[in-house]
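Colleague: I've got this one open on my screen and I'd like some help reading it. Can we go through it feature by feature?

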Amino acid sequence: MWFPPALFDLPDIAPVTLPEADRPSWLFWILMGPCASGWLVAYGLAIYRAKLDKRVGIPVFVVEVNLAWEFTLSLILDQADVQRPINLSWFLVDCFILRQTLRYGWKDYPSMSRRTFRWMVFGVIAWSAVFHIMTTYELKDATGIYTGTGLNVFLSLSFIFMLHRRGSSLGQSMYVALAKGIGSFFAGWTVLVMYPGHHLFIFLFLTVWTIDATYCVLLYRKVREEGRSPWAWNRPPAEVPGAPDGLATAGSAPRQEKQEAAVRSTASG
């Protein structure tokens, strides 16, 4: 049977087996510095926003999968000496975010009991840890680049899903979105410098950067739609009608102010 010829030939050597490219250490740290700083700022601001709004600032499933990744690559699997302390530091930060997730995360799943929600959280963490271990073993991915890069795509998409599911900017901040975007941007360049021949990474990080930019635009529009400033540091919490924590409905404060102003105008006339 005749078939059209293949458009691409498989390489003689699988790119996953190629070693890291030779590059000066200063170049690695110039790129890794803004990457780590961006993520640290994003995490810190997300924690702060979650305390204000009583809703998690990092999507629930991202917290679970990310915590499992950093746990396995710092305490379970053998990795580069310079990377393990960094992963352990992020794991400790994730533990604090997990605490907020257990406290507020169930509000994104109102049909689920809080007990069931907790079981789901720890179940996903356990499954993700096994997945990371097996994938790292199969690919001999000592740096965790493949699982980490794939996780970044999932993470970026989860922010858009969170915004859509809540229908408001509750628990979210433009500063978190921008800091996350900066961290992901430099993370991409760090990986591309380390593995320039891995075209999969180019595709994945172009995807991440596009999704991050899209989320920033969508969040900006949502906050403006709610009648608030996207750049206000202590922006009043927004909430959709019928939310379980009883916060004010998004946009209700501006409408109330307009009604009060109309009453005052009528009285003075």
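**A buried aspartate, a core and a helix pair**

Modeller: Let's start with one residue. Leaving aside neighbours within four places in sequence, D212 is in contact with S156, K180, G181 and S184. Keep in mind that this is a predicted model.

Colleague: Where does D212 lie, and is D212 buried or exposed?

Modeller: D212 lies in helix α7. Buried means under 20% relative accessible area, so D212, at 7%, counts as buried.

Colleague: Okay, now the core. Which residues touch the most other members of the largest nonpolar core?

Modeller: A nonpolar core is a set of buried residues joined through side-chain atoms. This one has 61 residues, and I58, L98, F117, V121, Y215 and L219 touch the most other members. The elements giving two or more residues to this core are α1, α2, α3, α4, α5, α6 and α7. The largest share, ten residues, comes from α7.

Colleague: And what does Y215 touch?

Modeller: Not counting residues up to four places away in sequence, Y215 touches F159, I160, L163, Q172 and A177.

Colleague: Next, helix packing. How do the axes of α2 and α5 cross?

Modeller: Those two axes come within 10 Å and cross at roughly 165°. Angles over 145 degrees count as roughly antiparallel, so α2 is roughly antiparallel to α5. The crossing of α2 past α5 is left-handed.

Colleague: Which residues make that contact?

Modeller: From α2 they are F61, V62, V65, N66 and W69, and from α5 they are T147, G148, L151, F154, L155 and S158. Sorted by type, the contact has seven nonpolar residues, four polar and no charged.

Key:
Residues numbered from 1 in each chain as written. Predicted model: local features only at pLDDT ≥ 70, side-chain atom pairs only at ≥ 80, totals over all residues. Heavy atoms only, no water. Core = buried A, V, L, I, M, F, W, Y, C linked by side-chain atoms within 4.5 Å. Buried < 20%, exposed > 50% of the residue type's maximum accessible area, 1.4 Å probe, protein only. Helix = DSSP H or I, 4+ residues; strand = E, 2+ residues; numbered from the N terminus. Contact = heavy atoms within 4.5 Å. Axes fitted to C-alpha atoms, helices over the stretch in contact; angles between N-to-C directions. Parallel < 35°, antiparallel > 145°, perpendicular 65-115°, else oblique. Left-handed = near helix turned anticlockwise from the far one by under 90°. Nonpolar A, V, L, I, M, F, W, Y, C, P; charged D, E, K, R; others polar.
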